[in-house]
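Subject: The structure we talked about

Hi there,

Here is the structure I promised to pass on. Have a look at it first, and then read on for my notes.

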Amino acid sequence: MVDASAVSIPVKDSDATRQPTLSMVDITKRFEGVAALTDVSLDVLGGEVHALLGENGAGKSTLMNIASGTLAPDLGTIVFDGKEIGELTPAGARELGIAMVHQHPAILPDMTVAENIRVAVGREHLERRDADLTKAMRAVLDDVHFFGHLEDRVSSLSVARRHLLELAKAFAVSPRLLILDEPTAPLSQDSVVLLFDVVRKFAAAGTAVVYITHRLGEVRQIADRVTVLRDGTLRGTASVRDVSDADLLALIVGRRLDASFPPKHVGSIDDPALLEVDGLSGPGFNDISLTLRRGEIVGIGGVVGNGQPAFLRALAGRRSSTGSVRIDGNVFSRRRLFEGAAYMPADRLADGLMLDLNVRENAAITALGRLTTGPFIRRRREIDVVQRELSELAVRAPSLEAPVSSLSGGNQQKVVMARSMLAQPALLVADEPTQGVDVGARAEIYRILREIADNGVPVVVGSSDTKELEGLCDRVLVMSRGQAVATLDGEEVTEEKIVHAAISATAHAAEAARRERGASRLSRFIEGDYAPVIVLGIVMLALGAYILSRNHRYLSNFNITSVEFACAALGFISLGQTFALLLGGIDLSVGPLAGFLVVLASFFVLDGKSPAVWALGFVLMFAAAAAVGLLNGALIRFAKFTPVAATLVTYIGLGGLAFTLRSAPDGYIAASVTNAIETKIGPIPVAFIAFVVIAFALELGLRRSKLGLRLRAAGSSEESARRVGIPINRVVLIGYLGASLLTLLGAVVLLAQLGVGDPGQGSSYTLTSITAVVLGGTSLLGGRGTFVGTLMGAGLSVQVLNATVFLGLDQKWQYIFQGLLIVAGAIIYSQVRRSASRGAVES
């Protein structure tokens, strides 16, 4: 074995004399006391592609996250274009011309493709392409051959297309420094060729490019210089042409590596079949059959997006299908496959890991049956088993109790692999098992897959890396348009023949073009934010027609006024609640805040008091509402309270203050003030008109303004929003301030509706406001929703309460109907989201 420290990689003098675009000097970064980087220095020159190599956890992504402003170094200096940078933020990095394509795309899944571009790129960069922003965004996507629709929801995109979107956003700003972190991992060969062409053009124009990869072949193709990190320290920098692959591998892993791929299985065509798949069909694939003998590994190849992920999920029992699957002669139903097959998904973050759990819990979750005594887990046994499996895979983690989200991408993939092994499966299905994994761990994964196959477990591997299929698999089935177009066996399994079979399949181009066009207009509408508005409108019309058929007084002027005035009070408070839910939070304080503000007004807005005192009362109401909103936001962002905990504190506090000020209803509001608030135009209260106008104005701002986009972005994915430069703290403070100020408007309507300072009123509006917002289609998870939907939800909620009166029903039916409405809304919304994610998997 060669000592890697003895490997010498020289730096050319000509490189040393050029002024770097980026210079990072003695960078040190620690996480919870564990050193991720120690005294690392890196120079990136303008016009060069600089490869950054290292094992998973070596510190590559951490170093570049510091360079892009996502993380701050503990020690060290950053110099950009000859100027030292003090505190670097993502927004500041974007102003300097630094763009980064993250290994896990910084996308906002609840927003459309167009909205993601607008948030990340900015109007000024788009207008340089074309004054028409739609044409400019289309051109940005065309640059990376992303031909989907601008209004497609990003959550419905495949993994590959999400990465293309991430590339498009980075290229659109014409960066001075372009950082690419594992950009080719999910891409087809055509997309890789296109990417390299674009990168070369940027470098030729003077852009400094940092290229992080685990694939040495790509380094040879694209890079001018290379830097290697290991264990958070710098191991060396050299010109690519002056260093061998063997030397690079030795620097990366600290030792010389044997051959990447283990020897293939040597068997006979007469060996009995271990896995038999006959005519398996489902959404996205049709009539797939394959045979696997003991000791073999079968690969699934083809151009990305031709049904491979859908087939693999069905084979592992993760989705419905027709056809038959036999393992060792036994028929496996979908349920039996689900319980007995281990599945390694391509998208580990969305499908493979429980990010809120730690490393131990993620690895052991499928093996709990053999780690328990009665209902209790044998913790010592669990730790031993998990530790042994993770050690075999060389997983680098601070401890078994560390959050799995804190691991590097490659180490997260190894945790998924460990969980699959601990399950002791009857079948192993692995979709892109080495995506984002370093060269050392990749060889280990290949070895383990081969050992599993040798031990009698059928192994099926899906991969977009044809070299991987050639080196690992005994047989490869090539798919196009959801069908098997070729089966390559033995010596036929070569990179050339796999590619030829994939690209020569008839009708592939037509199918690929159809997929790239994205979802249909109807699908986009059903998955969009405004579908609930249409549904609620139909329900309200149907309910109104039924009530009218039973009681002709339903459309009397008195009832119209009463319903619309009640709708205005609930509606304003619900609009405030919408702010909180769009941020992915909740505001339990809106009800008590409305009641408290009415009680506060009951000391000032009284008959016998001067207009100046009335004005003082309204000013104090405004100040109290603003203070509560800012307090809620501060508790969440700076005191690190959860939204529920923070607003529960203010819920209890406001309720106590209201009863402290008024132990019983008292302080009757001035009649002239209530009369002004109750002003009508015909039977329609002005307060209701104001509510409708404000709801539509807020909706327009939500879709068109920078603040509206930022609000939804923060709720969709806080981490991605931070990476693209959104000031999360400020946005959350503004959101909760808006929630309280809109609650203030609801309290003004309640002044006239109640007419007295009653400390017991108001609290019920918390639940009813949440009901109205959810009915309107706003997601409880944040990022998706509409103010117009809240308007309709508030209207339906009040209409249901009014219906119980006109239909002569008991009060209990009010609560029953409200509960049914919430359940129906939640079910419909979840089905729409599930349909969108299923479409992403199929593509």
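A residue is called buried under 20% relative accessible area, exposed over 50%, and partly exposed in between. Arg481 falls in that middle class, because its relative accessibility is 41%. Please keep in mind as you read that this is a predicted model.

**Overall picture**

The protein has 843 residues and a radius of gyration of 31 Å, which agrees with the value near 28 Å for a compact globule of that length. Along the principal axes, the C-alpha trace spans about 95 × 65 × 60 Å. You will find 34 helices and 26 strands in the protein. Buried residues account for 56% of the 843. Of the contacts between residues at least 6 apart in sequence, 73% join residues at least 24 apart.

As for the surface, about 34700 Å² is exposed, and carbon and sulfur atoms supply 57% of that area. On the charge side, there are 81 positive and 83 negative side chains, with the centres of the two sets 5 Å apart.

**Strands and how they pair**

Strands of a sheet pair through backbone hydrogen bonds, in either a parallel or an antiparallel sense. One sheet to look at is an open one of four strands, in the order S12-S11-S14-S15, with antiparallel pairing. Its edges are strand S12 (285-293) and strand S15 (330-331), each of which pairs on one side only. Strand S11, residues 273-282, is joined to S12 by six antiparallel bridges. Within that pairing, Glu276 has Thr291 of S12 as its bridge partner.

Closer to the start of the numbering, strand S1 (residues 20-31) runs antiparallel to strand S4 (residues 75-80), with five bridges between them. Thr28 is bridged to Leu75 in S4. S4 also pairs with strand S5 (residues 83-85), again antiparallel, through three bridges. Here the bridge partner of Phe80 is Lys83 in S5. S4 and S5 make a hairpin with two residues between them, and Asp81 in the turn has a positive phi of about 55 degrees.

Phe80 turns up again among the contacts of Leu96, which also touches Ile85, Leu88 and Arg176, leaving out residues up to four places away in sequence. Leu96 belongs to helix H3 (residues 90-96). Leu96 is partly exposed, at 31% relative accessible area. Between the C-alpha atoms of Leu96 and Glu699, which are 603 residues apart along the chain, the separation is 33 Å.

**Two buried helix residues**

What surrounds Leu570, once its neighbours within four places in sequence are left aside? The contacts are Tyr765, Thr768, Ser769, Ala794, Ser797 and Val798. Leu570 sits in helix H23 (residues 557-582) and counts as buried because its relative accessible area is 6%. Val749 is 179 residues away from Leu570 in sequence, yet their C-alpha atoms are 9.1 Å apart in space.

Is Arg712 buried or exposed? With a relative accessible area of 0%, Arg712 is buried. Its place is in helix H29 (residues 706-716). Not counting residues up to four places away in sequence, Arg712 touches Met111, Glu115, Asp529, Leu702, Arg703 and Gly783.

**Two loop residues with positive phi**

Most residues other than glycine have a negative phi. Two that I noted have a positive one. Glu432 has a phi of about 55 degrees although it is not a glycine. Glu432 lies in the loop between strand S19 (427-431) and helix H17 (439-454). Its relative accessibility is 13%, so Glu432 counts as buried.

The other is Arg481, whose phi is also positive, near 55 degrees. Arg481 is in the loop that links strand S21 (475-480) to strand S22 (483-489). As I said at the start, Arg481 is partly exposed, whereas Glu432 is buried.

Happy to go through any of this with you at the screen.

Best wishes

Note on methods: Residues numbered from 1 in each chain as written. Predicted model: local features only at pLDDT ≥ 70, side-chain atom pairs only at ≥ 80, totals over all residues. Heavy atoms only, no water. Rg over C-alpha atoms; globule rule 2.2 N^0.38 Å. Buried < 20%, exposed > 50% of the residue type's maximum accessible area, 1.4 Å probe, protein only. Contact = heavy atoms within 4.5 Å. Areas by Shrake-Rupley, 256 points an atom, 1.4 Å probe, with all protein chains shown as cover. Lys, Arg positive; Asp, Glu negative; His and termini not counted. Charge placed at Lys NZ, Arg CZ, Asp CG, Glu CD. Pairing = 2+ DSSP bridges.
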